[in-house]
Amino acid sequence: MIAEHVRDASATAVVFGFFASSWFGWAQEAPPRSWRPVLAVGSVLSLLTAVAGGVLTWHRWSDPTAFDADTSRTFGLVVGIEFGVAALGAGLLALRGRRGLIPVWVALVVGVHLFPVAALLDYPLIHVVAALVTAAALAAVPVARARAVPVSAAVGIGAGGVLLAAAVSSLVIALVGY
């Protein structure tokens, strides 16, 4: 479950922490009142994890990384495709009057895009995150209906929780420094 390079683990804590806070934020669109404290704590913990990962990444900036000219190009391509597919699907959902499903679509695209990222970085934890974010996206609509909550709350707390757990795990991995 560990990254080949410590710097990549700390940078993963930054990225996953930042995006976990984003998902917790999206979940705050109209959550049940009882969820608000959990979402607020999740947002704060996510940002604190991102900052801690950022400080550690900065201290380890000269350490080895999985990124070289080839992996950087491929990573950029994967992320570019992710953004394009997410935007296209969100636009189509908006045009069809299904704006409530946009967060589910975005989470699904994010989850699927993490599979090639995990392989590219040779970081097995990211495969687990990919599977769990994808599962959170697929479960969001049935969970939202069963619990009578907005879809954004269901997918946001699921994706945010997965990303926060992965960010904290990556931070611990980086701190241990294997």
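Helices in these legends are DSSP runs (H or I) of at least four residues, numbered from the N terminus, and every view is drawn from a predicted model.

**View 1. The loop between α2 and α3, at R60.** R60 is placed in the loop that lies between α2 and α3. With a relative accessible area of 23%, R60 is partly exposed, because this value falls between the 20% under which a residue counts as buried and the 50% over which a residue counts as exposed. The view also takes in A11, which is 49 residues from R60 along the chain, while the C-alpha atoms of these two residues are separated by 9.7 Å.

**View 2. The largest pocket and its lining.** The largest pocket holds about 590 Å³ of space. Its lining is made of 24 residues, and those closest to the pocket centre are V15, F16, F19, H113 and L114. At least two lining residues come from each of α1 (6-27), α3 (69-95) and α4 (102-121), and the helix that gives the most is α1, with nine residues. Sorted by class, the lining comprises 19 nonpolar residues, three polar residues and two charged residues.

**View 3. The largest nonpolar core.** The largest nonpolar core has 49 residues, of which F16, W23, L114, Y123, I126, V129 and L163 touch the most other members. At least two residues of this core are supplied by each of α1, α2 (36-59), α3, α4, α5 (124-147) and α6 (151-176), with α6 giving the most, at 13 residues. Two residues of this view also appear in the preceding one: F16 and L114 are among the core members that touch the most others, and both are also among the residues closest to the centre of the largest pocket.

**View 4. Helix α4, its bend and the residue that follows.** The 20 residues of α4 reach 28 Å from the first C-alpha to the last, which is close to the 28 Å expected at 1.5 Å a residue. At F115 the helix α4 bends by about 25 degrees, and a proline, P116, follows within four residues. After α4 comes D122, with a positive phi near 55 degrees, a sign of phi that is here found in a residue other than glycine. D122 belongs to the loop between α4 and α5, and it is counted as partly exposed because its relative accessibility is 47%.

**View 5. A107 in α4 and its partner A159.** A107 lies in helix α4 and counts as buried, because its relative accessibility is 0%, under the 20% cut-off for that class. The pair shown is A107 and A159, which are 52 residues apart in sequence but 7.1 Å apart in space when taken from C-alpha to C-alpha.

**View 6. A9 in α1 and its partner A166.** A9 is part of helix α1, and its relative accessible area of 0% is why A9 is classed as buried. A166 is 157 residues away from A9 in sequence, and the C-alpha to C-alpha distance of this pair in space is 10.0 Å.

**View 7. The loop between α5 and α6, at A148.** A148 is found in the loop between α5 and α6. Although A148 is not a glycine, its phi is positive, at about 55 degrees. A148 is exposed, because its relative accessible area is 71%, and the cut-off for this class is over 50%.

**View 8. Helix α6, with V168 and the residue after the helix.** With 26 residues, α6 reaches 37 Å between its first C-alpha and its last, close to the 38 Å expected at 1.5 Å a residue. Just after α6, G177 adopts a positive phi of about 70 degrees. V168 is a residue of helix α6, and a relative accessible area of 37% makes V168 partly exposed. The C-alpha atoms of V168 and W105 are separated by 25 Å, and these two residues are 63 residues apart along the chain.

Note on methods: Residues are numbered from 1 along each chain as its sequence is written. This is a predicted model: local features need pLDDT of at least 70, side-chain atom pairs count only at pLDDT 80 or more; totals for chains, interfaces and linings use all residues. Side-chain values use heavy atoms; hydrogens and water are left out. On a 1 Å grid over the protein atoms alone, a cavity is a set of points where a 1.4 Å probe fits but cannot get out, and a pocket is an open set with protein on both sides within 12 Å along at least five of seven lines; lining residues have an atom within 4 Å of a point. Grid points are joined across faces, edges and corners, and a volume is the space filled by probe spheres set on the points. Ala, Val, Leu, Ile, Met, Phe, Trp, Tyr, Cys and Pro count as nonpolar, Asp, Glu, Lys and Arg as charged, and the others, Gly among them, as polar. The expected span of a helix is 1.5 Å times one less than its number of residues. The bend at a residue is the angle between axes fitted to the seven residues ending there and the seven starting there. A nonpolar core is a set of buried Ala, Val, Leu, Ile, Met, Phe, Trp, Tyr and Cys residues joined through side-chain atoms within 4.5 Å. Buried means under 20% relative accessible area, exposed over 50%, partly exposed in between (1.4 Å probe, protein chains only).
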